[in-house]
Amino acid sequence: MRDHAVVKGFQRAALAERTGCNLETVRYYEKVGLLPEPPRTATGYRNYNSTHERRLRFVLRARELGFSLDEIRQLLRLVDEREQPCAEARAVASVHLDDVRAKIADLKRMERVLKDVVAQCADGTLPECPLIETLFAGRK
């Protein structure tokens, strides 16, 4: 009997396809320890299952939300080690939310500066470029 007929898992390419990421992403998350190495078939193929898929989806979604690898590790540790990790997960998310809000404030500042500089450039025919002059001026 052939291996893939006996084992109900799937290979790395199928895992990547099922989760909408690429092969290198799966390899990377295995390498950094966010995705456990799957068991192997008798012929040596990695044999992923729905648990791997669920975990990879978790990691991918957390990355979409901007969580760092270390924050994702913390969250996964809570999933793996505790039955009700909500309080600890909330603490991790709260710190991340503060970081996101700080980034938003930075982006809003950048938007204001760029909006002003673009307006100063008018139609782009000025002899000296306000954007370039602003960049040379740096922080005061």
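Buried means under 20% relative accessible area, exposed means over 50%, and partly exposed lies in between (1.4 Å probe, protein chains only). The model is predicted, so local features need pLDDT of at least 70 and side-chain atom pairs count only at pLDDT 80 or more, while totals for chains, interfaces and linings use all residues. Residues are numbered from 1 along each chain as its sequence is written, and side-chain values use heavy atoms, with hydrogens and water left out.

**Exercise 1.** Place Glu30 in its helix, decide whether Glu30 is buried or exposed, and list its contacts beyond four places in sequence.

Solution.
- Step 1: Glu30 lies in helix H3, residues 23-31. Helices are DSSP runs of H or I with at least four residues, numbered from the N terminus.
- Step 2: Glu30 has a relative accessible area of 15% and is therefore buried.
- Step 3: Contact means heavy atoms within 4.5 Å. With neighbours within four places in sequence left aside, Glu30 contacts Arg12, Leu35, Pro38, Arg46 and Tyr48.

**Exercise 2.** Describe how H2 and H3 pack, and which residues make the contact.

Solution.
- Step 1: The axes of H2 and H3 are 8 Å apart, at an angle of about 105°. Axes are lines fitted to C-alpha atoms, for helices over the stretch in contact, and angles run from 0 to 180 degrees between N-to-C directions.
- Step 2: Angles of 65 to 115 degrees count as roughly perpendicular, under 35 as roughly parallel, over 145 as roughly antiparallel, and the rest as oblique. H2 and H3 are therefore roughly perpendicular to each other.
- Step 3: Arg12, Ala13, Leu15 and Ala16 of H2 make the contact with Leu23, Val26, Arg27 and Glu30 of H3.
- Step 4: By class, this contact of H2 with H3 has five nonpolar, no polar and three charged residues. Ala, Val, Leu, Ile, Met, Phe, Trp, Tyr, Cys and Pro count as nonpolar, Asp, Glu, Lys and Arg as charged, and the others, Gly among them, as polar.

**Exercise 3.** Work out the arrangement of H3 and H4.

Solution.
- Step 1: The axes of H3 and H4 cross at roughly 95° and come within 12 Å.
- Step 2: H3 and H4 are therefore roughly perpendicular to each other.
- Step 3: Thr25, Val26 and Tyr29 of H3 meet Leu56, Val59, Leu60 and Arg63 of H4.
- Step 4: The classes in the contact of H3 with H4 are five nonpolar, one polar and one charged.

**Exercise 4.** Describe the packing of H4 against H5 and place Leu76.

Solution.
- Step 1: Helix H4 (residues 50-64) packs against helix H5 (residues 69-81) at about 140°, with axes 10 Å apart. H4 is therefore oblique to H5.
- Step 2: Arg55, Phe58, Val59, Ala62 and Arg63 in H4 meet Leu69, Ile72, Leu75, Leu76 and Asp80 in H5. Seven nonpolar, no polar and three charged residues form this contact of H4 with H5.
- Step 3: Leu76 is in helix H5 and, at 4% relative accessibility, counts as buried.
- Step 4: The C-alpha atoms of Leu76 and Leu35 are separated by 9.7 Å, although the residues are 41 apart along the chain.

**Exercise 5.** Identify the residues with the most contacts inside the largest nonpolar core.

Solution.
- Step 1: A nonpolar core is a set of buried Ala, Val, Leu, Ile, Met, Phe, Trp, Tyr and Cys residues joined through side-chain atoms within 4.5 Å.
- Step 2: The largest one has 20 residues, and Leu15, Val26, Tyr29, Leu34, Leu56 and Ile72 have the most contacts inside it.
- Step 3: H2 (12-19), H3, H4 and H5 each supply at least two residues of this core. H5 gives the largest share, five residues.
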